[in-house]
Amino acid sequence: AHIQILRVKQGQKIYWERVVFPQERIFFAAHHFDQLEIHEKTEYGLTKFENISCKYLVVIDQAMAEVVK
């Protein structure tokens, strides 16, 4: 497990960035058109690991799920 750096980007502008340690969970708010970039810190430096559209990321609270039914 490696340390990861999460960045939420809107176009070329980075407006949110956090360091996430192994086994840590993090929640954030973003627009559906924003992009989440995940970078990993390795022994060779920082590498881009993944790029995910925020429109695919959602947290459903169990209590809210009951209200929606």
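What percentage of the 69 residues in the protein chain is buried? In this predicted model, buried residues make up 25% of the chain.

**View 1. The whole protein chain, with one helix and four strands.** Along the sequence, the elements follow the pattern β-β-β-β-α. The accessible surface of the protein chain is about 5,700 Å². Carbon and sulfur atoms account for 55% of that surface.

**View 2. The open sheet formed by four strands.** The strands lie in the order 2-1-3-4, and their pairing is antiparallel. Strand 2 (13–20) and strand 4 (45–53) are the edge strands, and each of them pairs on one side only. Averaged over the sheet, neighbouring strands are turned by 20° against each other, with direction ignored.

**View 3. Strand 1 and strand 2, joined by seven bridges.** Strand 1 covers residues 4–10 and runs antiparallel to strand 2. Gln 10 stands opposite Lys 13, a residue of strand 2. Strand 2 is an edge strand of the sheet, and strand 1 follows strand 2 in the sheet order 2-1-3-4.

**View 4. Contacts within the protein chain between residues at least 6 apart in sequence.** Of these contacts, 34% join residues that are at least 24 apart in sequence. The chain in which they occur has 69 residues, with its one helix placed after the four strands in the pattern β-β-β-β-α.

Terms used: Residues numbered from 1 in each chain as written. Predicted model: local features only at pLDDT ≥ 70, side-chain atom pairs only at ≥ 80, totals over all residues. Heavy atoms only, no water. Pairing = 2+ DSSP bridges. Helix = DSSP H or I, 4+ residues; strand = E, 2+ residues; numbered from the N terminus. Axes fitted to C-alpha atoms, helices over the stretch in contact; angles between N-to-C directions. Buried < 20%, exposed > 50% of the residue type's maximum accessible area, 1.4 Å probe, protein only. Contact = heavy atoms within 4.5 Å. Areas by Shrake-Rupley, 256 points an atom, 1.4 Å probe, with all protein chains shown as cover.
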